[in-house]
Amino acid sequence: MARAGKSGGARMWPWLAWALLLVIADQFTKTLILGYYRLGDATYVTSFFNVVRAHNTGAAFSFLADAGGWQRWLFTGIAVVVAAFILWQLRQHPGQRLFAFALSSILGGAIGNVVDRLQHGYVVDFLDFHLRGWHFPAFNVADCAITVGAACLILDELLRVRRGG
């Protein structure tokens, strides 16, 4: 791995700006949901999509949601450690565009959900997809950013392996 040198910190600012934009979009949409919906409210949009207000005290797919409250601090701590690691990686590799985009997307999503955990004790979810009896758990903009980031990390690794280095 090549070191970033003196310009690494300066070159990572666009990626930090992207992460910040994701946090702002995430928090803005969640503020709208909190302001206009009560817990459990739903608005039919299409035959496969609703806007809802749901609270998730757990992780993805409500993992540990009923654990009693300690999971709030566990998931917050994990997110802080991951954010620190991502910042270090962005500083080291700001010129690797797909890699940096992926990491900054994950960073923005993680911070967006941590803000919820610290402010409310739960993550606000509102995007609700369903089809023919199948129902996907509700999610939010931060979750989308994390998912896109993870997919881009996999793509980046596949491309790196394909290039042979």
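This is a walk through a predicted model, one selection at a time.

**Start with the whole chain**

Show the protein as a cartoon and color it from the N terminus. You should find five helices and four strands, and following the chain from that end gives the order α-α-β-β-α-α-β-β-α. Now switch on a surface. The accessible area of the protein is about 9800 Å², and carbon and sulfur atoms account for 69% of that. Of the 165 residues, 40% are buried. If you draw contacts between residues at least 6 apart in sequence, 65% of them link residues at least 24 apart.

**Select α4 and α5**

Pick residues 97–120 for helix α4 and residues 141–163 for helix α5. Two packed helices are described by the angle between their axes and the distance between the axes. Here the axes are 7 Å apart and the angle is about 155 degrees. Angles over 145 degrees count as roughly antiparallel, and α4 and α5 are therefore roughly antiparallel to each other. Turn the pair to see how one passes the other: the crossing is left-handed.

Next, show side chains where the two helices meet. On the α4 side, select L98, F99, F101, A102, L103, S105, I106, G109, A110 and N113. On the α5 side, the partners are A142, D143, A145, I146, V148, G149, A150, C152, L153, L155, D156 and L159. Color this contact by class and you get 16 nonpolar residues, four polar and two charged.

**Zoom in on L103**

Stay on helix α4 and center on L103. Is L103 buried or exposed? With a relative accessibility of 5%, L103 counts as buried, since the cut-off for that is under 20%. Ignore the neighbors within four places in sequence, and L103 touches I86, Q89, L90 and L153. For a distance to put on screen, try L103 to V148: these two are 45 residues apart along the chain, and their C-alpha atoms are 9.9 Å apart.

**Slide along to N113**

N113 is also in helix α4. N113 counts as buried too, with 9% relative accessibility. Which residues does N113 contact, leaving aside those within four places in sequence? Select D26, K30, V123, N140, A142, D143 and I146. Draw a line from N113 to A142, C-alpha to C-alpha, and it should read 6.4 Å, although the two are 29 residues apart in sequence.

**Bring in α2**

Add residues 13–36, helix α2. The axes of α2 and α5 come within 8 Å and cross at roughly 145 degrees. From α2, the residues in this contact are L22, A25, D26, T29 and K30, and from α5 they are V141, A142 and A145. Sorted by class, that makes five nonpolar, one polar and two charged.

Now hide α5 and look at α2 against α4. Their axes are 8 Å apart at an angle of about 35 degrees, and α2 passes α4 in a right-handed crossing. The contact between α2 and α4 has twelve nonpolar, eight polar and four charged residues. D26 and K30, which you selected around N113, are also part of the α2 contact with α5.

**Two partly exposed residues**

Go to L118, in helix α4. L118 has a relative accessible area of 45%, so it is partly exposed. Add T76 to the view: the C-alpha atoms of L118 and T76 are separated by 7.8 Å, with their positions 42 residues apart along the chain.

Then select residues 70–92, helix α3, and find F85. F85 counts as partly exposed, at 47% relative accessibility. From F85 to L107 the C-alpha distance is 9.7 Å, and the two are 22 residues apart in sequence.

**Last stop: R132**

Finish by showing β3 (123–131) and β4 (134–135), then center on R132 in the loop between them. What is the phi of R132? It is positive, about 50 degrees, although R132 is not a glycine. Put the surface back on to see the side chain in context. R132 is exposed, with a relative accessible area of 83%.

Key
Residues numbered from 1 in each chain as written. Predicted model: local features only at pLDDT ≥ 70, side-chain atom pairs only at ≥ 80, totals over all residues. Heavy atoms only, no water. Buried < 20%, exposed > 50% of the residue type's maximum accessible area, 1.4 Å probe, protein only. Contact = heavy atoms within 4.5 Å. Areas by Shrake-Rupley, 256 points an atom, 1.4 Å probe, with all protein chains shown as cover. Axes fitted to C-alpha atoms, helices over the stretch in contact; angles between N-to-C directions. Nonpolar A, V, L, I, M, F, W, Y, C, P; charged D, E, K, R; others polar. Parallel < 35°, antiparallel > 145°, perpendicular 65-115°, else oblique. Left-handed = near helix turned anticlockwise from the far one by under 90°.
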